[in-house]
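This briefing is meant for a reader who is meeting the structure for the first time. Please look over the sequence and the model shown here before going through the points that follow.

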Amino acid sequence: MIAAVCLDDNNGMLFNRRRQSQDRLLRADLIREAGDGPLWLDAYSAKQFKEAPACLRVAEDFLEQAGAGELCFVEDRDLTAWAGKLEGLILYRWNRTYPADVRFPLSLEGWRLARTEEFAGSSHEKITKEVYEK
Amino acid sequence: MKRWKLCLTALALSLCLLLPAGCGMPMEGGGDSYDIAWTLDDIPDYAGEPYVVLNDNQPEFSEEYMTTDSFETYGELDELGRCTMCWANIGVDLMPTESRESISSVKPTGWIQNQYDFVDGKSLYNRCHLIGFQLTGENANGQNLITGTRYLNVVGMLPFENMVADYVKETENHVLYRVTPLYEDGELVARGVHMEGYSVEDGGEGVCFNVYCYNVQPGVEIDYTTGENWAADADNGGDAAEVTYVLNTSSKKFHLPDCSGAKNMKEENRQDYTGTREMLIQQGYTPCGQCKP
């Protein structure tokens, strides 16, 4: 399982049970990243994908269901309990600050930064994508 | 193009601040915008975090303002020349299409500027937009600019403005947005600002907050009556013990070395530090909310 997570400059994920930000081009990048495989997510995250691409697999227990090598978009779930199942991590950094009361819970110790990309989002000047492997 | 712009009367605003909870403020355009008016008595003292959540993060807009028409209103200056409540229904049509212009012609009340080496950008005070430029494109509007510390502007208010701006740009929905400076009696500098936001079309699913941001600057003492300010004495209060912390030079947060925030920090932003907590705070750093160093 590979988890994709969006983070602000302070590793924030959520404020008041809501995502900090969103971006159309980031979602398009997620679809590309899923390739021919599924993109697992919960109903809260799926609502952003207006065109509902065929690769979406929506389930509240998606972290349990996702198989080896499959991509999960994680916005409002605590990954701590799933750390052992993670084969890869994709961190999308907004390069902005937002209010946060939930932050990314995992340490990157033991992870190798395999590649970094930068791209302009639809409403973000620069989104940094960091791909980590074990 | 901006749909409409109102100026509140000082009288109406005074009423708003005086009325007890449950009483609204009569406004141009009809109706009441406030169900509850917060006062400084309701706000806890600053305790190291840039903002505090009010009313379980539920804003207090009257139902009748849940509209999909954009608007922006800037309260008239009060009898002391101070800014008052500003509020808007932010839509993409209000957002700036041109670069920001100079706002240095505006001198808000209590503007006694001083420089400190430990303040980001050195200047203590910013002309702090109540409704941020990125939301409604207001430049040198004296009814929208207060004397605010760098910390209030960048650490306190900006994250909320960013959140609202992104949401509106991405969804093209509207966000009801209200910012009210709170003053102690006749003081010229606000103690802080009350900020509320609520996304209209999705009933608050996208944006929903109710917070108070403190107009303080760690390491600086402020006389809010006049705006005079001076460096706090490092020997007064605080823990003098030397401890090792990890600093994020970008976000100005400090962490314990084993905090995940420290471990995940970008290398270019990371700086190891051994010294007193008090000195870090004086340099404008704030403790991480997760590891609470």
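In this predicted model, A:Leu14 is bridged to A:Val102, its partner in strand 8 of chain A. A:Leu14 also has a bridge partner in strand 3 of chain A, namely A:Arg19. The points below begin with the strands around this residue, and then turn to chain A as a whole, to the contact with chain B and to one helix of chain B.

**Strand pairing in chain A**

- Strand 2 of chain A, residues 12–15, runs antiparallel to strand 8 of chain A, residues 102–103, and 2 bridges join them.
- Strand 2 of chain A also pairs in the antiparallel sense with strand 3 of chain A, residues 18–19, again over 2 bridges.
- Strand 2 and strand 3 of chain A make a hairpin that leaves 2 residues between them, and in its turn A:Asn16 has a positive phi of about 55°.

**Chain A as a whole**

- Chain A contains 3 helices and 10 strands, and from the N terminus on these elements follow the order β-β-β-α-β-α-β-α-β-β-β-β-β.
- The radius of gyration of chain A is 14 Å, close to the 14 Å that the globule rule gives for 134 residues, so chain A is as compact as a globular protein of that length.
- Along its principal axes, the C-alpha trace of chain A spans about 35 × 35 × 30 Å, and buried residues make up 39% of the 134 residues in the chain.
- Of the contacts in chain A with a separation of 6 or more, 69% are between residues that lie 24 or more positions apart.

**The contact between the chains**

- The contact draws 23 residues from chain A and 21 residues from chain B.
- On the side of chain B that touches chain A, the elements giving two or more residues are helix 3 (150–171), strand 9 (208–214) and helix 4 (260–263) of chain B, and the largest share, 8 residues, comes from helix 3.
- By class, this side of chain B has 9 polar, 7 nonpolar and 5 charged residues.

**Helix 3 of chain B**

- Helix 3 of chain B is mostly covered, since 20 of its 22 residues are buried.
- At 1.5 Å a residue, the 22 residues of helix 3 of chain B should span 32 Å, which agrees with the 30 Å between its end C-alpha atoms.
- Helix 3 of chain B nevertheless bends by about 50° at B:Met157, with a proline, B:Pro159, following within four residues.
- After helix 3 of chain B comes B:Glu172, whose phi is positive, near 60°.

Technical notes
Residues are numbered from 1 along each chain as its sequence is written. Chains are lettered from A and ligands numbered from 1 in the order in which they are written. This is a predicted model: local features need pLDDT of at least 70, side-chain atom pairs count only at pLDDT 80 or more; totals for chains, interfaces and linings use all residues. Two residues are in contact if their C-beta atoms, placed from the backbone, lie within 7 Å. Ala, Val, Leu, Ile, Met, Phe, Trp, Tyr, Cys and Pro count as nonpolar, Asp, Glu, Lys and Arg as charged, and the others, Gly among them, as polar. The radius of gyration is taken over C-alpha atoms; the globule rule is 2.2 Å times the number of residues to the power 0.38. A residue is buried if 20 or more other C-beta atoms lie within 10 Å of its own, exposed if 12 or fewer, and partly exposed in between; C-beta atoms are placed from the backbone. The expected span of a helix is 1.5 Å times one less than its number of residues. The bend at a residue is the angle between axes fitted to the seven residues ending there and the seven starting there. Two strands pair if DSSP finds at least two bridges between them.
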